[in-house]
Amino acid sequence: MNQKKLLKIFLVLAVSLTVMCSYMPYSDAHILIIGDSLGDIPTADSEAISIGNLLKSNGYPVVELLGSNATTKNILEGMYGADAIIYAGHGGYETGNYNMDGGVATPPYALVGSNDFIWGVGNKMEEGWSGQLFTAPVKQNIPVIILQACFSTGWVENNQVSNPIPTIYNFARMFNGAGANYYATAYNGAGLDMIKEFLDGAKNFGTINAGSPYGTIYQANTYDNVTIWRNPNGYSAFVGNWLGTFPTAAQCTPYNASAAEAWYDSSRSTNPYQSDLTVSEITAPANGLSGGIIYVSNTISNIVNASSSSFYVNYYLKKNSTSPDIYMGQSFITSIAGLTSQHLNTKLTVPTNVNPGSYYILAYADAEQTDPETNENNNEKLSSTKININGADLVITNISATLKGTRTLIVSNTIKNNGEIAASTYNVHYYIRKKGTTTNKLVGQYIYSGLGANATKQQSLTITLPTGIVASEYYVAAYVNANKTVPETNTNNNYNLGTIKKA
């Protein structure tokens, strides 16, 4: 055991730890129970043995590790693909990182094996003091139940540390950072009672917590954007999804000893039980109205062979790939099995304050990052086509002019609003453009009071040309909404060119 580290900590507030005594079997086994690896907490055995016997009598396959058999290697291999983890034992800390008298506690914290420590470093684990960092090899949304381990609830023996919320956060992170639900308690018997309630049909952690005889957990604190829940005296803590549950015996999968051994001997660089969510398809509808309802066809895929936990997909409007996101709504997905996809036809509301125009739609899978993944950088996708958010759409459908004398130009034009929303006051600039060139010369303007949706306006006006202009050498042109005072769905159809005829 690494003598540079210090542990041997347990609560004495009417508590005992849960432990199990046996060898690592090489058969079906996916509820992992880790007991007191140092063998110095005798009160731990009775509750641990009761939990193991209860689970096995209900058909659960169990890996039980206690004493010298609870080596860090056996613990980590037992975690591989576990459907639930119950740890009863010491909580480890580094010498000098706590004064043992209610002071500030500083991470890292550790699980204690019979031969070494499993440290929690951020959302990773580290075996021993100088081992490689890796993600816990656990499935998404599994329960990790920590019984009587110091620091796990913010208590150490008879004292609460002065910074309990960061302490719980840092102890839990090695598990919830891999997608597990973390429940820790200092109460004697709480672990056994919890398992009994699950077996009796309790729906989830929230159901059990609501009727807990040990003190309901209802105090929420946020640390590093993670919600840390505690009961009033701080003897119990929860980090994760309150809808999480304990698996049924039928949901437990066979323990794969060879795969666990292969993972342990590998680089451990990825969690083989983490999903990888992508947006494989998203199609923008052709049109939408500001404040209106649209339906967006999209497909979310899980591209690795590991089921996801629940997550949200968020949807946004974007003018281009680098423009700000304009939020429209979200959909909720309970889970996607490995190497499968789920097609959605998502109902969304276009924001009322969005400017008319053409937009891409962005879909972002696991936008709230509740589902730890092997790759967090491939979760979003832009639609290949744009949606036209309808507003006004002003078009010069016809323009011509008649020249009287040498300088008087009678201009006739027709303006149409192709949009679904009326246009407010707008102006039209009138130009002449010399044939064979692209240069427009402004010769006048007219202000219009507005134009209804799908309405047409015909207008004639007289413009005096500058001296020296030979009208036969020019076109007449008009640009509607030249000052861009009216938001439009399409600003590329506002200009038109016509001929000038002699009267």
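The following legends describe three close-up views of a predicted model.

**View 1. The largest pocket and the residues nearest its centre.** The space in this pocket amounts to about 970 Å³. Its lining is made up of 37 residues, and those nearest the centre are Asn176, Glu368, Gln369, Thr370 and Pro372. Three elements each give two or more residues to the lining of the largest pocket: helix 3 (164-176), strand 15 (226-230) and strand 20 (311-318). Sorted by class, the residues of this lining comprise 20 polar, 11 nonpolar and 6 charged residues.

**View 2. The second largest pocket and its lining.** About 650 Å³ of space lies within this pocket. A total of 23 residues line the second largest pocket, and Gln140, Asn141, Ile142, Ser308 and Ser335 are the closest to its centre. The classes represented in this lining are polar, with 13 residues, nonpolar, with 8, and charged, with 2. As for the method behind such views, a probe the size of a water molecule, rolled over the atoms, shows where empty space is left.

**View 3. Asn74 and its contact with Asn69.** Asn74 is part of helix 2, which covers residues 72-79. Is Asn74 buried or exposed? The relative accessibility of Asn74 is 13%, and a residue under 20% is classed as buried; Asn74 therefore counts as buried. The side chain of Asn74 also reaches the backbone oxygen of Asn69, at 2.9 Å.

Terms used: Residues are numbered from 1 along each chain as its sequence is written. This is a predicted model: local features need pLDDT of at least 70, side-chain atom pairs count only at pLDDT 80 or more; totals for chains, interfaces and linings use all residues. Side-chain values use heavy atoms; hydrogens and water are left out. On a 1 Å grid over the protein atoms alone, a cavity is a set of points where a 1.4 Å probe fits but cannot get out, and a pocket is an open set with protein on both sides within 12 Å along at least five of seven lines; lining residues have an atom within 4 Å of a point. Grid points are joined across faces, edges and corners, and a volume is the space filled by probe spheres set on the points. Helices (H or I, at least four residues) and strands (E, at least two) are DSSP runs, numbered from the N terminus. Ala, Val, Leu, Ile, Met, Phe, Trp, Tyr, Cys and Pro count as nonpolar, Asp, Glu, Lys and Arg as charged, and the others, Gly among them, as polar. Buried means under 20% relative accessible area, exposed over 50%, partly exposed in between (1.4 Å probe, protein chains only). A polar contact is a pair of N or O atoms within 3.5 Å; within protein, one must be able to donate a hydrogen and the other to accept it, and residues adjacent in sequence count only if both atoms are side-chain atoms.
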